[in-house]
Amino acid sequence: MKKFFLLILFIVSGIIDAGYLTYEHYQQVIPPCTVNRLLPIASDCGRVLRSSYSVMFGIPLALAGVFQYSVLFVILIAYLVYRKKVFAFWLIIQSIIGVIFSAYFMYIQLGVLKSICIYCTYSAIISFSIFFIINKVLRKERFDLRLKVISIIYQYVAKPIFFMFDPEFIHNTHIFFGELLGKTFLKKYINWKFNYQSSKLKQKVAGINFIGPVGLAAGFDYEAKLTQILYSLGFGFQTVGSITNLPYEGNSKPRLGRLPKSQSLMVNKGFKNLGVEKMSKKLSQLNFQVPLGISIGMSNNKSIKNTTIAIKDIINTFKIFEKYKVKNSYYELNISCPNLINTHTDFYKPVNLNQLFQSIKQLKLKKPVFIKMPIDKTDRNFLAILKTISQFIFIKGVIIGNLFKDRKSPLLNKQEVKKFKVGYFSGKPCEQRSNELIKLAYKKYGNKLMIIGCGGVFNSQDAYKKIKLGASLVQLITGMIYQGPQVISQINLELEELLEKGGFKNIQEAIGYENR
Ligand SMILES: Cc1cc2nc3c(=O)[nH]c(=O)nc-3n(C[C@H](O)[C@H](O)[C@H](O)COP(=O)(O)O)c2cc1C
């Protein structure tokens with residue numbers, strides 16, 4: 001409140017200063033200007049105030065100053081009374097306008113007229129002070145405004161351009177530049193300007209510290225090229241892979257497609273990755289600012305002919321990762337990839353799943369494991385899988401869930417689906433079933449298993465919904481592609497507000513609130 005009082009003082013003194021100059025302007029009097037000897041540059045108010053620069057479009061600058069400070073005054077009062085974001089944004093923008101003009105007029109005085117007018121300089125000092133105080137007291141609103149501006153630029157400029165090109169090409173280009181940024185000092189700048197975190201969103205889950213609840217889901221960063229930059233966008237954790245024992249060059253194209261009307265992506269990657277040997281070496285040499293989920297899947301290879309071979313294949317991947325001791329990480333075991341050549345192995349059958357988990361148990365893993373769940377199973381089948389999962393202590397939670405399979409669903413636009421003969425779907429079509437299953441899992445196993453909600457998170461409301469149904473954390477990919485890279489910090493920022501509005505002190509209090 002002290003700072004707001006100071007702000008009012010500055011604004012009022014600005015009105016007095018500009019008001020005085022306006023009065024003198026219309027009286028055609030040059031005010032006294034007597035500090036010549038103290039300044040290294042001539043102080044000549046007359047030269048400045050009589051110059052052609054003192055009037056713009058027929059309006060004396062002094063009068064424009066009165067207008068600027070008065071507007072600031074009115075908005076500030078409106079903000080203090082109503083506490084509406086719109087007034088905060090307006091204050092920020094108005095103070096930026098003031099600073100830009102003040103900087104320009106100071107340049108005119110010092111650079112062009114080579115003399116200064118103390119009244120105008122005083123006004124510039126006030127403008128800069130107002131700007132700094134507003135930026136200090138409205139730090140969160142300034143962040144919010146910046147993210148909103150980026151969001152608008154992404155929606156109306158960047159995304160239409162990106163969407164003109166092949167999705168896989170755009171994806172690879174982003175990975176290339178993301179990796180590059182992660183190697184430069186620019187990542188610090190991005191972190192400073194983009195990364196919004198809140199102490200209310202911090203959690204310790206399964207022994208891991210998560211600074212934020214929004215993570216990158218498996219499938220965006222197969223080769224771990226973005227691990228040094230994602231933190232700067234506001235991610236609280238990130239997943240690499242899925243990674244398999246044997247490398248795979250990917251299914252034949254198209255591997256990726258866009259369905260904008262359905263707010264979805266067609267995915268047909270089939271675990272395109274470099275294989276565990278290369279990836280484990282690479283990851284072991286890196287440090288991660290936020291926890292890293294290592295997504296592990298079964299090799300997409302014709303040699304995986306039955307469940308026994310599939311289990312050996314997965315076990316080998318775990319063994320190699322254990323050997324390399326990747327820092328600050330946990331495992332995500334993907335039992336639900338729909339795009340594999342091998343259709344003989346069905347880990348949805350509890351007996352097979354049990355066999356797999358028994359083998360993993362023998363490894364005595366040092367890191368917690370989360371299971372990536374399917375969303376296309378009936379409630380009964382899903383609960384049967386959860387029952388098996390809940391019997392193994394090394395499994396700390398489930399990720400709900402993977403891609404949407406039903407091509408005939410009304411959640412997908414028919415014309416868009418027709419374009420793709422292959423693949424399954426991410427984004428909004430996943431959301432409904434993902435939420436139903438989060439609700440079910442939390443009700444039945446919320447005391448045993450931690451839930452990561454995934455599927456169709458496009459904004460803070462979507463994330464909040466999953467949290468209130470029982471998810472401790474959320475993951476996304478498609479939301480970032482449709483909404484822009486700022487969406488992660490936007491979710492963090494707005495989640496903080498939603499928690500406050502909901503009367504929750506922190507995220508833990510909200511988890512499962514609607515589902516108890
Ligand atoms: C391009 C792409 C590739 C994916 N690859 C994987 C994968 O390798 N492993 C996995 O567990 N999930 C994979 N997924 C599924 C996502 O992790 C996530 O479960 C799904 O996209 C729903 O989240 P979203 O709606 O936020 O995209 C992939 C998704 C996309 C969009």
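I count two strands as paired if DSSP finds at least two bridges between them. I take helices (H or I, at least four residues) and strands (E, at least two) as DSSP runs, numbered from the N terminus.

**Entry: ground rules**

I am working on a predicted model, where local features need pLDDT of at least 70, side-chain atom pairs count only at pLDDT 80 or more, and totals for chains, interfaces and linings use all residues. I number residues from 1 along each chain as its sequence is written.

**Entry: barrel**

I traced a closed barrel of eight strands. The order is 5-6-9-10-11-12-14-15, and the pairing is parallel. The twist from one strand to the next averages 30° (axes are lines fitted to C-alpha atoms, for helices over the stretch in contact; angles run from 0 to 180 degrees between N-to-C directions).

I then looked at one pair. Strand 9 (residues 292-296) runs parallel to strand 10 (residues 329-334), with five bridges between them. I296 has L333 of strand 10 opposite.

Is strand 10 enclosed or open to the outside? I call a residue buried if 20 or more other C-beta atoms lie within 10 Å of its own, exposed if 12 or fewer, and partly exposed in between; C-beta atoms are placed from the backbone. Six of the six residues of strand 10 are buried, so the strand is largely enclosed by the rest of the structure. In a regular strand the side chains alternate between the two faces of the sheet. I sorted the residues of strand 10 by direction: S329, Y331 and L333 point one way. Y330, E332 and N334 point the other way, and these too are buried.

**Entry: open sheet**

I found an open sheet of three strands, in the order 7-8-13, with antiparallel pairing. Strand 7 (256-259) and strand 13 (424-425) are at the edges. Each has a single partner strand, so one side of each lacks a neighbour in the sheet. Strands 7 and 8 run antiparallel and are joined by four bridges. L256 has V267 of strand 8 as its bridge partner.

**Entry: ligand shell**

I listed 27 residues around the ligand (a residue is near a molecule or strand if its C-beta atom, placed from the backbone, lies within 6 Å of it). A217, A218, G219, S426 and T478 come nearest. Strand 6 (237-243), strand 8 (264-267) and helix 16 (478-483) each give two or more residues to this shell.

I also sorted the shell by residue class. Ala, Val, Leu, Ile, Met, Phe, Trp, Tyr, Cys and Pro count as nonpolar, Asp, Glu, Lys and Arg as charged, and the others, Gly among them, as polar. The shell holds 13 nonpolar, twelve polar and two charged residues.

**Entry: nonpolar cores**

I define a nonpolar core as a set of buried Ala, Val, Leu, Ile, Met, Phe, Trp, Tyr and Cys residues joined through C-beta atoms within 7 Å. The largest has 99 residues. Those with the most contacts inside it are F235, I371, V398, I400, A441, I451 and V474.

I followed A441 (contact means C-beta atoms, placed from the backbone, within 7 Å). Leaving out residues up to four places away in sequence, A441 touches L386, V398, I400, L449, I451 and G470. Another core, of 28 residues, lies apart from the largest one. I75, L76, C120 and I130 are among its members.

**Entry: whole chain**

I counted 18 helices and 15 strands in the protein chain. The C-alpha trace spans about 95 × 45 × 45 Å along its principal axes. Of the 516 residues, 44% are buried. Among contacts between residues at least 6 apart in sequence, 77% join residues at least 24 apart.

**Entry: backbone oddments**

I checked for cis peptide bonds. One runs from G241 to S242, with omega near 25°; S242 is in strand 6. Another joins I400 and G401, with omega about -5°. G401 lies in the loop between strand 12 (395-400) and helix 13 (414-418).

Where does R83 sit? I placed R83 in the loop between helix 3 (61-82) and helix 4 (85-113). R83 is not a glycine, yet its phi is positive, about 55°. R83 is exposed, with 9 other C-beta atoms within 10 Å.

K364 is not a glycine either, and has a positive phi of about 50°. K364 belongs to the loop between helix 11 (350-362) and strand 11 (369-373). K364 is exposed, with 8 other C-beta atoms within 10 Å.

Definitions and conventions
Two residues are in contact if their C-beta atoms, placed from the backbone, lie within 7 Å.
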